[in-house]
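Student: I am new to this structure and would appreciate a close look at a single part of it. Please take the aromatic residues and explain how they are arranged.

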Amino acid sequence: NGKTCAWIDSEASYDPNWAARLGVDSEALIYSPAKTINDMVDVATQLMDAGVDMIVVDSISALLPAIYFEKDSDDLKKLEDTKQIGAEAKDMTHAVKMLNYANKNTLLVLISQQRNQFGSMHASHIPTGGMAVKFFSSTVIKLWSSEAEANAIKAGVLVGDKILEQK
């Protein structure tokens, strides 16, 4: 529809052939890889400043926090040197705040996976990277992969001729 769109790929999973089958014009799509939360924010803010209409980040769950890398380098630390409780949530909190502030008119789609919350007595799902993503989002769409989870949906919202179901 004449809109400028970008894909920030942290999973290295973008397939132009599959995208074409879904109707995506890969020639017109702005593609950028990102491996850290910082990379994603830097790229996304530049794209927003350039007037890109829609940015999809696939996925924030695969982005690594800065603590995983040696200072001022792209070299990974040894695993035992990356132990910091909440590093991903802390970086993602800063990221969504910065993206929210920088955003003027860009539709920003953050794809994520849900995780079970630690210490919960029942199945409680939280987004990867902490609760900031949920709190700073204007709309959250949940897609479930199992029938049991799909049956837990409680309400529906009519949008045109389709029903969007909410948990």
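Tutor: Tyr 31 is partly exposed, because its relative accessibility of 40% lies between the limits of under 20% for buried and over 50% for exposed. The model discussed here is a predicted one. Tyr 31 belongs to strand β2, which covers residues 30-33. Its ring pairs with that of Tyr 14: the two centres are 5.7 Å apart and the planes meet at 40°, so this pair is tilted. Tyr 14 itself sits in the loop between β1 (5-9) and α1 (16-21), and with their positions 17 residues apart in the chain, the pair links distant parts of it.

The structure holds two aromatic pairs. Besides the pair just described, Trp 7 and Tyr 14 form a tilted pair, with 5.6 Å from centre to centre and an angle of 50° between the planes. Through these ring pairs, Trp 7, Tyr 14 and Tyr 31 are joined into a cluster.

Two other places may be set beside this cluster. Met 92, in helix α3, is buried, because its relative accessibility is 0%, where the limit is under 20%. The C-alpha atom of Met 92 is 5.5 Å from that of Gly 129, although 37 residues separate the two along the chain. Asp 74, by contrast, is found in the loop between β3 (54-58) and α3 (87-102). Asp 74 is exposed, because its relative accessible area is 58% and the limit is over 50%. On the surface, Asp 74 gathers with Glu 70, Asp 75, Glu 80 and Asp 81 in a patch of negative charge.

Note on methods:
Residues are numbered from 1 along each chain as its sequence is written. This is a predicted model: local features need pLDDT of at least 70, side-chain atom pairs count only at pLDDT 80 or more; totals for chains, interfaces and linings use all residues. Side-chain values use heavy atoms; hydrogens and water are left out. Patches are made of residues with over 30% relative accessible area and no salt bridge: like charges are joined within 9 Å, nonpolar side chains (Val, Leu, Ile, Met, Phe, Trp, Tyr) within 5 Å. Accessible areas come from the Shrake-Rupley method with a 1.4 Å probe; for residues, only the protein chains shown count as cover. A salt bridge is a side-chain nitrogen of Lys or Arg within 4 Å of a carboxyl oxygen of Asp or Glu. Lys and Arg count as positive and Asp and Glu as negative; His and the chain ends are not counted. The place of a charge is taken as NZ of Lys, CZ of Arg, CG of Asp or CD of Glu. Helices (H or I, at least four residues) and strands (E, at least two) are DSSP runs, numbered from the N terminus. Buried means under 20% relative accessible area, exposed over 50%, partly exposed in between (1.4 Å probe, protein chains only). Rings of Phe, Tyr and Trp (its six-membered ring) pair if their centres lie within 6.5 Å; planes under 30 degrees apart count as stacked, over 60 as edge-to-face and the rest as tilted.
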